[in-house]
Amino acid sequence: MEKLEKDIIKDILDRIRGELKKAIIEQDRLIDYALISLISGGHVLLEGVPGLAKTLMVKALAKSLDVNFKRIQFTPDLMPADITGTQVFNLKNSEFEFKEGPIFTNFLLADEINRTPPKTQSGLLEAIQEATVSIDGQTYELPQPFMVFATQNPLEYEGTYPLPEALVDRFLMKLMIDYPSAQGEKEILRRHHEGLLDMDIKNCQSVCTQEDLFRCMNFVKSVNVEPELMDYIVAIISETRNNDAIEIGSSPRGSLALMQSAKGCAAYAGRDYVIPEDIKEMAIPALRHRVILKPELELEGILPEAVLEELLAGVKVPR
């Protein structure tokens, strides 16, 4: 019996997930959300202290898909041209030629993105939104697929620059990375002791082609969302704008992000239709960076996740 398209898509994603698990210890939720964002055509903002395998995960993902990977370490002296590229004068033919920057890749790890000034951060805006780069009036298309993973350290503020809201809003999800469990950390120690850590990324194999990835992304576009579920998304977004704890609620881009990630969640689960649980599952990753709490709540240490969880509990779920 011939497999249904949704089952083929799930098989592809299961293979990728299996390869990532070879390199990443625990962090299952991070892997799941990263893959959902990938097939949804979105970019990811990663927040966590250094040393939690963010770079390893992106490198392993790139290797499992057989796509190009580049990493930029963001520093205070980094200029936009260092990311996008620049025109270079060729003495041989007396003409300017465009030299591509590291952004011309499939997977870009923008490491510690909040360590560079806003002028340089803005160099990513067009790339993230349009998958293009404009230099001296000329527009260049970025390779496809194109995905940005940007990291920031939540604990260190000295020498950092807050990300512009316009840039933050372009990330489909914001994922928080926590410490491994005691058992997971012991496994890291064991692998390091036995010299296996360096082999983790080498053991990852290419398990699907770019065509397979585009097939997954096209399937996500076809996932069905019933009108009552769109009403549910609108109700959640409306609550972020009317909640007493929230200073600034989500824009319509948040509605689109929640619907798109819910469709990706459904495809990841092997379905061609969205259910309310998909929307609830993706609400916090898709909205935590799109709402701004009132200053007094932030001073009390209350997190957007806590407010969003309470908000979700109060919105009627369609059945």
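**Exercise 1. Describe helix 12, its surroundings and what comes after helix 12.**

Solution. Gly270, whose phi is positive, near 90°, follows helix 12. The model is predicted, so that local features need pLDDT of at least 70 and side-chain atom pairs count only at pLDDT 80 or more, while totals for chains, interfaces and linings use all residues. Residues are numbered from 1 along each chain as its sequence is written, and side-chain values use heavy atoms, with hydrogens and water left out.

Step 1: extent. Helices (H or I, at least four residues) and strands (E, at least two) are DSSP runs numbered from the N terminus. Helix 12 covers residues 252–268, and its 17 residues reach 24 Å from first C-alpha to last, close to the 24 Å expected at 1.5 Å a residue. The expected span is 1.5 Å times one less than the number of residues.

Step 2: burial. A residue is buried under 20% relative accessible area, exposed over 50% and partly exposed in between (1.4 Å probe, protein chains only). Helix 12 is mostly covered, with 12 of its 17 residues buried; among them are Gly254, Leu258, Cys265 and Tyr268.

Step 3: packing. The buried residues of helix 12 pack against helix 1 (5–23), helix 2 (28–39), strand 9, helix 10 (210–222), helix 11 (227–242) and helix 13. Contact here means heavy atoms within 4.5 Å.

**Exercise 2. Locate His289 and identify its partners.**

Solution. Step 1: position. His289 is in the loop between helix 13 (276–287) and strand 11 (292–293). Its relative accessibility is 8%, which counts as buried.

Step 2: partners. The His289 side chain reaches the backbone oxygen of Phe171 at 2.8 Å. Apart from neighbours within four places in sequence, His289 is in contact with Glu165, Val168, Phe171, Leu172, Met173 and Lys174.

**Exercise 3. Analyse the salt bridges of Glu47, Asp111 and Arg190.**

Solution. Step 1: the whole structure. A salt bridge is a side-chain nitrogen of Lys or Arg within 4 Å of a carboxyl oxygen of Asp or Glu. The search of the whole structure finds 14 salt bridges.

Step 2: Glu47. Its side chain meets that of Lys174 at 3.1 Å, N to O. Glu47 lies in strand 1 (residues 44–47) and Lys174 in strand 9 (residues 173–176), so the pair ties together parts 127 residues apart in sequence. Glu47 is buried at 12% relative accessible area, and Lys174 is buried at 14%.

Step 3: Asp111. The closest N and O atoms of Asp111 and Arg71 are 2.8 Å apart in their salt bridge. This pair links distant parts of the chain, as Asp111 is in strand 5 (residues 107–111) and Arg71 in strand 2 (residues 69–73), 40 residues apart. Asp111 is buried at 10%, whereas Arg71 is partly exposed at 41%.

Step 4: Arg190. The side chains of Arg190 and Glu187 meet at 2.7 Å, N to O. Both residues lie in helix 8 (residues 182–193); being three residues apart, they are separated by about one helical turn. Arg190 is partly exposed at 36% relative accessibility, and Glu187 is partly exposed at 24%.

Step 5: a network. Asp169, Arg253 and Arg290 are linked by salt bridges in a network.

Technical notes
A polar contact is a pair of N or O atoms within 3.5 Å; within protein, one must be able to donate a hydrogen and the other to accept it, and residues adjacent in sequence count only if both atoms are side-chain atoms.
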